[in-house]
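Student: I keep meeting words like "buried" and "edge-to-face" and I'd like to know where they come from. Could we go through some examples together?

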Amino acid sequence: MPYARSSAALFRTAISALSLLALTPLPTAAQDTPAQKVYGRTPAESSPPAWPQPVRAAKGAPNILLIMTDDVGFGSSSTFGGPVPTPTFDALAKAGLRYNQFNTTAICSPTRASLLTGRNPQAVGMGYVANWATGYDGYNSVIPKSAGTVAQILKENGYNTAMIGKGHITPEWEMSRAGPFDRWPTGLGFEYFYGFLGADSSMAEPNLVENTSPVSPPAEPDYHLERDLADHAMDWIDSQHAAAPDKPFLLYYATGTAHAPNQPPADWLAKFRGKFDAGWDVLRAETVARQKKLGVIPPGTDDAPHPGTLPRWDSLTPDQKRLYARYMEAYAASLAYADAQIGRVIQKLRDNGELDNTLIIYIQGDNGASAEGSFDGKLFEQSALSGVKEDPAYALAHIDEIGTKTAYNLMPGGWGWAMNAPFPWAKRYGSHFGGTRNGMVMAWPGHIKDAGGLRSQFHHVSDIMPTVLEAAGVKAPEILDGVPQQPITGISMGYSFQAKDAPSRRTMQVSAMAQNLSIYKDGWVAATAPMVTPWERMPPKPVPLDERTWQLYDVRSDFSEAHDVAAENPQKLETLKEQFWAEAALSNILPIHGSEGGQKGRPDPNEGRTLFSYSAPVGHVPESAAPALVGRSFAVTAKINLPAEGGKGVLVAQGGRFGGYSLFFDQGRIAFTYNLTPAHMTRIVAPSAVANGAHVIGLDFAMDKNVPTSGAAVTLTVDGKAVAQGRVERTFAQVVSHTEDFDVGMDLVSPVDPAAYDSAGSRFNGALERVEVRVR
């Protein structure tokens, strides 16, 4: 082996090489780079010491406060002519610019992904909400590493970054404490996160996360999530300012409001009593008139036609009017209160002397106002998920709970239509501006000088990221964290700051949401007519894709899409349709499909598991990592030891106040509650208490058929002996709970059975040896 050399020989050769290098003249400090540094045996033989320096933002780089509310239509806020007073939004509009042709994606997750990545939603895998993802590339909810976020880019360029509030961009199967955490906010570039990961949350009993750990909200009788979010935002601003007052920051502040549930503080709810008794028809007409007076819509704008299937307010009964008005009061009070909390955050910037160097972007809504409440509204948003129809008489009997923590209310669709004035349709309808047009304000002292000005360039939510990067003096990288990046398709809006009448630099935008399609091109819009309206009690039969009706609007003169001119311009419509399909093929939009039922085969951390065993109390296991019980029979076995005072607390529970199940002790007796919704609750309780000492507690839940919604027979046992039996007539249709988790030895966040126990006192008081859940 002539080329073999000992390790000692190699070492001597290396030392000789270093000696030769030491004799070589060193480069000057100005020329010294990490690749040119030389380290000899002594400092004299080495390059001068040099510390790695942190990246610093460009001189004068502004702070960025990016605000987004939830489910707020163009015609909701007072700033854009709506009935809800939003003085914080108003004040920013007076100091900055209002944008009346700013567009979102018609639903939550896609808008948020597009906002953060600067790309169209399907290009980053978020073609629908994260909790209803499907296996197609444009719809799988997995934001790829090739689509770096504005937070990641700014963090790499000397910014501190934080996200407060609603996430809704994390794949459901990645939401447990097993991770991975790449697509949690902290994995998407935010150094600090406080909020909730899902679609919505109770304002009184939220399921919160701080960074990657579950946390409980402060134990305050009048706790409210929006106030808590503002408190955490202000604390973060103070901490960041104290540590590095010259270091700019990005704060993404995403409220839970005004998505269901609308649960404002009681004193704010009281302010709106009687304000909406005139109904949605009058309200919308008044809004359009105010919009014209304010100039946020052109003076000749016609209101979009009244939907034929939406009842006129004057056709309703007195009880319907009273009930429906109460829902709207809760919505308005919620939005007004959230705006006030946003005002506190902005005041903190003023107090810290940061306001003059802060670009504030306040987007009022991630889509249009919701019409998902259909005809009557919903006392519990969970009713739709559970597949049950609410009885209006039940809601009327519980009218005083609307707006409180005991209701998860969603307003009737008629109010959603009114809140989207002057446009047609609502949230989910990506085909029309009622779903995609949102009011937006930007303010930046010293840079935006046309105070109170209006901008009418056509823009999309993906344009926010490049606008922020331009303001920060940061160029989007071609490679981020070692990954080549997709092109950013958003277009900076910075040109509009000074050029009021400049032509829009965005000349085209495609949209595809829930099979509602549209394309904007040079002032024209081609859009599919919705197949189903929120107000049809009997949905029509599906229409094949190639047979759907397309409408055409010339929005250069028809701002509100009030006049379909397809019949007069057939060639224009055909040209736009061809352009839509060409863009859809390039933008990952295909195939056009519905998301419902498309979750089969998605990644499942529990795939193949039928036995779930727990040897200690554990909390906050998300539904994606919990035993999968929808449409399945199951059994629970708990080996426990009870203290002398008898059993108290929860053995196992999933969900909470608005839907779930719980096996617990009720005055020493074993009990089981199945909460389909608070209006459909079954409680089964053994007749006598369980004696102290060691026992095996059992629950057998035997479905009539292993299919969702099927009824089930329930048997409770102690040491193998049946002690109580009962029946659940209808079981969960889709999920157990979309907001709360699975717990062993406790029932955190909110109680499944509020009449029997509260979450604070739900911890099991005995020794828990093992709990097993077997799915069959």
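Student: Why is Ser 595 called buried?

Tutor: Keep in mind that this is a predicted model. Ser 595 has a relative accessible area of 7%, and buried means under 20%, so Ser 595 counts as buried.

Student: What is Ser 595 in contact with, apart from its neighbours within four places in sequence?

Tutor: Its contacts are Tyr 128, Trp 132 and Thr 134. Ser 595 itself sits in the loop between helix H14 (570–586) and strand S19 (611–614).

Student: Which other residue lies in the loop between H14 and S19?

Tutor: Asn 588 is one of them. Its relative accessible area is 30%, and partly exposed covers the range between 20% and 50%, so Asn 588 is called partly exposed.

Student: What value does phi take in Asn 588?

Tutor: Phi is near 70° there, a positive value in a residue other than glycine. Most residues other than glycine have a negative phi. Asn 211 has a positive phi too, of about 60°, and is not a glycine either. You'll find Asn 211 in the loop between strand S6 (208–210) and strand S7 (213–215).

Student: What makes Asn 211 partly exposed?

Tutor: Its relative accessible area is 28%. The partly exposed class runs between 20% and 50%, so Asn 211 belongs there.

Student: Is Asn 352 buried or exposed, and how do you know?

Tutor: Asn 352 has a relative accessible area of 18%. The cut-off for buried is under 20%, so Asn 352 is buried. Asn 352 lies in the loop between helix H8 (318–351) and strand S9 (358–364).

Student: What does Asn 352 touch, not counting residues up to four places away in sequence?

Tutor: Asn 352 touches Ile 237, Asp 238 and His 241. The C-alpha atoms of Asn 352 and His 241 are separated by 7.7 Å, and these two residues are 111 residues apart along the chain.

Student: What makes helix H13 largely enclosed by the rest of the structure?

Tutor: Helix H13 covers residues 464–472, and 8 of its 9 residues are buried, so the helix is described as largely enclosed. Among the buried ones are Ile 464, Met 465, Val 468 and Leu 469. Just after H13 comes Gly 473, with a positive phi of about 70°.

Student: Now the rings. How many aromatic pairs are there?

Tutor: The count comes to 34 aromatic pairs.

Student: Why is the pair of Phe 181 and Trp 184 called edge-to-face?

Tutor: Two checks. The ring centres are 4.9 Å apart, and rings pair if their centres lie within 6.5 Å. The planes stand at 75°, and planes over 60 degrees apart count as edge-to-face, so that is the name for this pair.

Student: Which of these labels do Phe 181 and Trp 184 get for accessibility?

Tutor: Phe 181, with a relative accessible area of 29%, is partly exposed. Trp 184, at 2%, is buried.

Student: How do you know that Lys 271 lies over the face of Trp 268?

Tutor: Lys 271 is at 3.7 Å from the ring centre, and the limit on that distance is 6 Å. The charge must also be within 35 degrees of the ring normal. Lys 271 is listed as lying over the face of Trp 268. Arg 437 likewise lies over the face of Phe 559, at 5.6 Å from the ring centre.

Student: Which aromatic cluster does Phe 559 belong to?

Tutor: Phe 559 forms one cluster with Phe 74, Phe 80, Phe 89, Tyr 362, Phe 423 and Phe 433.

Student: Where are there cis peptide bonds?

Tutor: One joins Ala 260 and Pro 261, with omega about 5°. Another joins Ala 421 and Pro 422, with omega again about 5°. Most peptide bonds are trans.

Student: Last topic: how many cavities of 30 Å³ or more does the structure hold?

Tutor: There are 5 of them. The largest has a volume of about 210 Å³, and its lining of 24 residues includes Gly 430 and Gln 509, which are among those nearest its centre. By class, that lining has 10 nonpolar, 13 polar and 1 charged residues.

Methods
Residues are numbered from 1 along each chain as its sequence is written. This is a predicted model: local features need pLDDT of at least 70, side-chain atom pairs count only at pLDDT 80 or more; totals for chains, interfaces and linings use all residues. Side-chain values use heavy atoms; hydrogens and water are left out. Helices (H or I, at least four residues) and strands (E, at least two) are DSSP runs, numbered from the N terminus. Buried means under 20% relative accessible area, exposed over 50%, partly exposed in between (1.4 Å probe, protein chains only). Contact means heavy atoms within 4.5 Å. Rings of Phe, Tyr and Trp (its six-membered ring) pair if their centres lie within 6.5 Å; planes under 30 degrees apart count as stacked, over 60 as edge-to-face and the rest as tilted. On a 1 Å grid over the protein atoms alone, a cavity is a set of points where a 1.4 Å probe fits but cannot get out, and a pocket is an open set with protein on both sides within 12 Å along at least five of seven lines; lining residues have an atom within 4 Å of a point. Grid points are joined across faces, edges and corners, and a volume is the space filled by probe spheres set on the points. Ala, Val, Leu, Ile, Met, Phe, Trp, Tyr, Cys and Pro count as nonpolar, Asp, Glu, Lys and Arg as charged, and the others, Gly among them, as polar.
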